[in-house]
Amino acid sequence: MKKIPLHWKIIIGMLLGIIFGFIMNAVSGQKFVADWIAPFGTIFINLLKLIAVPLILASLIKGISDLKDISKIRDMGLRTISIYIGTTMVAIVIGLSIVNLVKPGTGMPADTIENIKLKYENDAGVVDKINMATATKGAGPLQPLVDIFPSNIIQSMGDTKMLQVIFFALFVGICLLLIPEEKAKPMVDIFDSLNEVVMKMVDVIMLFAPYAVFALMANVIIAFDDTEILLKLLQYALCVVAGLALMIGFYLLLVRIYAKKSPLWFLNRISPAQLLAFSTSSSAATLPVTMERVEEHIGVDKEVSGFVLPVGATVNMDGTSLYQGIAAVFIMQVIWPEGLGFTNQLVIVLTALLASIGSAAVPSAGMVMLVIVLESINFPSELLPIGLALIFAVDRPLDMCRTVVNVTGDATVSMLVAKSLDKLHEPHPKEWDDNYHAVK
């Protein structure tokens with residue numbers, strides 16, 4: 001198995017997990033999967049989350065201190081945010097174009113709508129998403145800005161509040177530039193060493209990835225207990241998948257034209273992160289692997305990847321934005337066709353753009369933001385639970401797909417920024433056992 005590339009091992013684990021999940025569904029083995037298989041997937045995600053914050057701190061502080069020039073931070077930040085906003089706008093436009101062209105919600109049978117309503121309208125998951133969105137919307141207009149600045153960085157790291165951790169790391173990195181180099185060097189060396197240790201931890205954790213993906217996929221499959229409703233929502237789901245595929249095609253076009261790299265070369269090197277994004281539905285949990293692939297296998301300098309990727313995992317949600325555009329219009333096509341107008345769709349574009357920046361990098365956060373998008377166009381509040389119920393059954397598999405786009409977008413933008421700053425070089429991959437012979 002050692003000679004098989006990692007992405008093929010993960011694909012094999014994924015396929016076996018899907019097959020195993022269907023078998024367990026057929027023999028009523030859901031409890032066995034939940035008790036004895038799923039925990040291994042949870043352990044794997046926990047390990048990735050464990051190293052995410054130390055990795056952001058180490059790579060960002062080391063990267064900023066290596067720039068030696070504060071003006072370079074401004075240039076990199078402006079390029080990063082500008083490109084992220086641009087790709088998000090493209091994603092929303094692609095989503096709205098597809099859903100208006102295909103019209104998947106037009107003509108849905110009334111009995112299907114009623115069945116979905118009865119099954120999911122009062123589902124705890126739907127109610128929870130509405131409550132979370134209400135709490136988010138109820139905050140003041142400057143609350144997102146306030147949330148960037150931590151009062152207790154230890155608590156922020158414990159709660160994995162990425163923007164607060166990024167702000168702290170930027171603050172420390174800039175202050176290291178503002179003190180004499182001989183005084184900054186001991187601390188820079190500490191974070192440089194920490195970065196190397198955490199990246200090695202990524203290599204070791206990834207040895208377990210194929211088995212963890214098996215567990216994660218088996219657990220996902222046993223959750224799909226109503227295939228009839230899933231089939232009836234297939235046209236809507238295919239619209240989302242088609243939009244996401246077009247978005248990946250757009251990224252590959254940027255890689256070919258601007259970064260001057262082969263799209264197949266890029267996909268081959270980023271695929272383990274994409275597969276993990278699909279399995280975990282969390283760009284935050286995938287962040288350590290994304291950083292390892294971008295730095296060691298694509299060749300982006302640490303000072304660029306250390307800034308662009310953590311910021312992207314928090315503010316760049318192209319897949320989520322595309323999904324919100326399609327989902328919002330689909331829901332209106334089914335139960336509120338009178339709301340379909342150019343003005344409302346323009347509001348959807350702007351709100352989805354802003355909502356994607358505040359969307360948490362965790363599973364199903366897109367549905368919370370969808371509520372805010374719908375409320376921005378004065379969608380009837382009494383229809384909101386029905387609207388979410390319409391798409392709730394297929395949200396998890398679509399969430400898995402859109403997380404792949406989010407992670408691919410982060411990697412693409414890191415390449416573009418690195419290319420523009422002349423920080424893209426030949427990759428030098430490392431293996432988990434590079435130094436093993438010296439200590440065994």
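Visitor: Is D75 buried, partly exposed or exposed?
Guide: This is a predicted model, and the value is computed from it. D75 has a relative accessibility of 27%. Buried means under 20% and exposed means over 50%. The value for D75 falls in between, so D75 counts as partly exposed.

Visitor: Which residue meets D75 in a salt bridge?
Guide: Side chains of opposite charge can pair when their charged atoms come close. The N to O distance here is 3.4 Å. The partner is exposed, at 52% relative accessibility. The side chain that meets D75 belongs to R74.

Visitor: How confident is the predictor, as a mean pLDDT for the protein chain?
Guide: In the protein chain, 95% of the residues reach 70 or more. Among its elements, helix α11 has the lowest mean, 75, and helix α12 has the highest, 97. For the protein chain, the mean pLDDT is 89.

Visitor: How far apart are the closest N and O atoms of D35 and K31?
Guide: Both residues lie in helix α2. They are four residues apart, about one turn of the helix. D35 is partly exposed at 39%, while K31 is exposed at 61%. The two form a salt bridge, and their closest N and O atoms are separated by 2.6 Å.

Visitor: How many residues apart are E196 and K430, a pair that links distant parts of the chain?
Guide: Their side chains meet in a salt bridge, at 3.0 Å from N to O. E196 sits in helix α9, and K430 sits in the loop between α20 and α21. Along the chain, the gap is 234 residues.

Visitor: Which residues do salt bridges with shared partners join into one network with E196 and K430?
Guide: E196 is partly exposed at 34%, and K430 is partly exposed at 32%. Salt bridges that share partners tie this pair to two further residues, E295 and K302.

Visitor: Which helix supplies the largest share of the nonpolar patch?
Guide: The patch is on the surface and is formed by F40, I43, L47, L50, V197 and M201. Together they have about 510 Å² of accessible area. Two helices, α2 and α9, each supply at least two of the residues. The largest share, four residues, comes from α2.

Visitor: Is L50 buried or exposed?
Guide: L50 is one of the residues of that surface patch, and its place is in helix α2. Its relative accessible area is 53%. The cut-off for exposed is over 50%. L50 is therefore exposed.

Visitor: What is the relative accessible area of L55?
Guide: L55 also lies in helix α2. Beyond its neighbours within four places in sequence, L55 is in contact with L60, N195, V198, M199, P288 and M291. L55 is buried, and its relative accessible area is 0%.

Visitor: How many residues does the largest nonpolar core have?
Guide: In soluble globular proteins, nonpolar side chains tend to be buried together. Y236, F330, F379 and I391 have the most contacts inside this core. The core has 132 residues.

Visitor: Which helix gives this core its largest share?
Guide: That share is 13 residues. Another core, of seven residues, lies apart from it, and F20, V33, I37 and A215 are among its members. The helix with the largest share of the 132-residue core is α2.

Visitor: Why is helix α19 largely enclosed by the rest of the structure?
Guide: Helix α19 covers residues 384–392, nine in total. L384, I386, G387, L388, A389, L390 and I391 are buried. The helix is largely enclosed because the number of its residues that are buried is seven of the nine.

Visitor: Which residues does S414 touch, not counting those up to four places away in sequence?
Guide: S414 is found in helix α20. It counts as buried, at 0% relative accessibility. Its contacts are V294, V300, V304, V308 and L309.

Visitor: How far apart in space are F167 and I148, C-alpha to C-alpha?
Guide: F167 has its place in helix α8, and it is partly exposed at 27%. F167 touches I148, F149 and P150, leaving out residues up to four places away in sequence. F167 and I148 are 19 residues apart in sequence, and in space their C-alpha distance is 6.8 Å.

Methods. Residues are numbered from 1 along each chain as its sequence is written. This is a predicted model: local features need pLDDT of at least 70, side-chain atom pairs count only at pLDDT 80 or more; totals for chains, interfaces and linings use all residues. Side-chain values use heavy atoms; hydrogens and water are left out. Buried means under 20% relative accessible area, exposed over 50%, partly exposed in between (1.4 Å probe, protein chains only). Contact means heavy atoms within 4.5 Å. Patches are made of residues with over 30% relative accessible area and no salt bridge: like charges are joined within 9 Å, nonpolar side chains (Val, Leu, Ile, Met, Phe, Trp, Tyr) within 5 Å. Accessible areas come from the Shrake-Rupley method with a 1.4 Å probe; for residues, only the protein chains shown count as cover. A salt bridge is a side-chain nitrogen of Lys or Arg within 4 Å of a carboxyl oxygen of Asp or Glu. A nonpolar core is a set of buried Ala, Val, Leu, Ile, Met, Phe, Trp, Tyr and Cys residues joined through side-chain atoms within 4.5 Å. pLDDT is the predictor's confidence in each residue, from 0 to 100.
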